[in-house]
Amino acid sequence: MPPFSFTIDAECPETWARAGTITTPHGVIQTPIFMPVGTQATVKSVSPEELHEVGVTIILANTYHLMLRPGSQLISDFGGLHAFMHWDGPILTDSGGFQVFSMGHLRKLSEEGAAFKSHLDGSVHLLTPESVMRIEAELGADIILPLDICAAYPCAPTEAREGMERTHRWAERTLAVKDRYRTEQALFGIVQGAFEPELRRYSAHVIGNMPFAGIAVGGLSVGEPKAVLWEMLRHVTPELPKDKPRHLLGVGSPEDFVTAVSLGMDMFDCALPTRVARHGGLFTRHGRVNITAARFRVERGPIEAECDCYTCRNYSAAYVHHLARTEEQLYYRLGSIHNIRYMLRLASQVRAAICAGTFPAFRDTFLADYTPAPEEVREEQREKWKMARRANRALGRPTSVYEQRKPR
Ligand SMILES: [Zn+2]
């Protein structure tokens with residue numbers, strides 16, 4: 001069996017949705033799939049055994065955080081991420097670039113790479129396309145991403161073009177050195193192009209024709225209106241090769257997951273389901289509820305009657321409400337398990353519908369029943385706007401455009 005492969009099991013005749021199977025050295029992933037984010041080599045408050053139980057087949061870990069602490073060399077000395085964190089399933093690592101660009105640690109961006117100061121101790125680091133391959137080889141994930149440039153929203157067309165062209169040059173440099181390290185790691189290319197349809201189409205065409213194992217779509221969901229996000233995907237997807245898996249970076253609320261699948265995406269990572277869980281936001285088929293709300297105080301039933309997660313099988317909503325209100329540690333675990341299970345169950349329902357030829361009806365019914373929490377969208381956007389402003393300050397760019405258009 002090859003170390004990495006992707007096959008398409010079913011395609012929706014009316015939308016661009018497809019169901020596929022990815023094979024990696026650490027296991028098989030059926031797509032579409034949701035990947036929980038384990039920033040610090042842990043999905044916060046949930047053990048690997050619990051991740052397996054809720055149906056997680058792949059997790060994402062952040063190179064930026066791990067290279068700084070505990071260090072990629074130390075993780076390598078412990079046998080790589082899988083052994084270090086006791087997770088035997090597939091892992092995907094990002095390149096660290098997104099954090100460097102979005103968190104304002106960037107001090108100097110050049111053709112060579114991105115120099116930045118650690119947010120932990122101020123030490124200076126240089127990420128280059130080549131050094132990122134070495135670091136990700138030390139971490140040892142199954143799927144790895146190259147260094148790219150993520151533009152902020154909004155972005156001037158010339159800046160968008162320059163960032164995209166540099167991303168393409170960095171993709172070439174990454175491919176040139178990748179096989180010096182671990183050949184069993186699957187390298188995905190990243191499509192950029194900010195919010196320019198023409199650039200998005202061009203980038204998808206260029207990256208899609210390079211010898212990458214899969215394609216990631218980056219630079220979206222950074223504060224732009226949802227309509228713009230979907231418009232960009234409508235330009236990107238037709239240019240992509242059909243026979244490679246497609247990862248939409250950083251997108252993963254329930255309603256966005258279903259919509260993006262219909263626009264041809266296969267893989268999704270997002271910190272939102274676990275982050276909102278820790279703040280009391282739990283997913284149900286009708287939308288997100290706040291478990292700390294008074295209506296759950298005497299609720300004898302589970303959070304959601306049809307949920308098959310460990311939390312809903314064993315605890316009343318009243319008890320989970322009590323734990324959340326008293327900020328007990330068990331709450332973070334029970335809430336996270338519920339939301340991760342929700343996303344994984346949704347992913348398998350979507351897959352089943354694609355295979356059965358009923359995906360368009362499933363999508364329409366789901367989106368009609370599910371009311372997105374408006375505050376969830378705003379909260380997410382506020383965070384990203386803040387990050388974009390900090391990044392611009394670090395680059396010495398005026399931030400006034402962002403200040404003026406800051407959403408309320
Ligand atoms: Zn549940």
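What is the relative accessibility of A352? The answer is 45%, a value at which A352 counts as partly exposed, and the legends below move from this residue to several other places in the chain. The model is predicted, and local features are reported only at pLDDT of at least 70, side-chain atom pairs only at pLDDT 80 or more, while totals for chains, interfaces and linings use all residues. Residues are numbered from 1 along each chain as its sequence is written, and side-chain values rest on heavy atoms, with hydrogens and water left out.

**View 1. A352 in helix α14.** A352 is a residue of helix α14, where helices (H or I, at least four residues) and strands (E, at least two) are DSSP runs numbered from the N terminus. Its C-alpha atom is separated by 9.9 Å from that of F362, a residue 10 places away along the chain. The accessibility classes used in all views are buried, under 20% relative accessible area, exposed, over 50%, and partly exposed in between (1.4 Å probe, protein chains only).

**View 2. The zinc ion and its four donor residues.** Three cysteine sulphur atoms, the SG atoms of C307, C309 and C312, coordinate the zinc ion together with ND1 of H338, at 2.1 to 2.3 Å; donors are N, O and S atoms within 2.8 Å of the metal (3.2 Å for Na, K and Ca), and since water is not among the atoms, sites may look incomplete. The angles among the four donor atoms run from 100 to 117°, and the site is tetrahedral, a word that for four donors requires all angles to lie between 85 and 135 degrees. Along the sequence the donor residues follow the spacing C-x1-C-x2-C-x25-H. Because C312 lies in helix α12 (residues 310–314) and H338 in helix α14 (residues 329–356), the pair ties together parts that are 26 residues apart in sequence. Both of these donors are buried, C312 with a relative accessible area of 9% and H338 with one of 0%.

**View 3. The largest nonpolar core and I291.** The largest nonpolar core contains 124 residues, and those with the most contacts inside it are L233, L248, F257 and I291; such a core is a set of buried Ala, Val, Leu, Ile, Met, Phe, Trp, Tyr and Cys residues joined through side-chain atoms within 4.5 Å. Helix α14 gives the most to this core, with 12 residues. Leaving aside residues up to four places away in sequence, I291 touches G280, L282, F296, I303, A317, V320, H321, A324 and Y331, contact meaning heavy atoms within 4.5 Å.

**View 4. Helix α13 and the residue E327.** In α13 the buried residues are A317, A318, V320, H321, L323 and A324, and the buried residues of this helix pack against α12 and α14. In general, an α-helix has 3.6 residues a turn, so residues three or four places apart point the same way. Just after α13, E327 takes a positive phi of about 55°, although E327 is not a glycine. E327 belongs to the loop between α13 (317–325) and α14, and with a relative accessible area of 60% this residue is exposed.

**View 5. A41, another residue with positive phi.** A41, a residue other than glycine, has a positive phi near 60°. A41 is placed in the loop between β4 (33–38) and α1 (48–53), and with a relative accessible area of 11% it is buried.

**View 6. Helix α6 and the glycine that follows.** Helix α6 (residues 129–139) is mostly covered, since nine of its 11 residues are buried. Among them are P129, V132, M133, I135 and L139, as well as E136 and E138. The helix is followed by G140, whose phi is positive, near 80°.

**View 7. Two cis peptide bonds.** R69 and P70 are joined by a cis peptide bond with omega of about 10°, and P70 sits in the loop between α2 (63–68) and α3 (72–77). A cis bond also leads from Y153 to P154, with omega near -5°; P154 lies in the loop between β10 (143–144) and α7 (157–178).

**View 8. F116 in strand β8.** F116 belongs to strand β8 (residues 114–117) and is buried, with a relative accessible area of 1%. F116 and L127 are 11 residues apart in sequence, and their C-alpha atoms lie 8.0 Å apart in space.

Methods: Four donors count as tetrahedral if all angles lie between 85 and 135 degrees; four count as square planar and six as octahedral if opposite donors are over 155 degrees apart and all others between 65 and 115; anything else is irregular.
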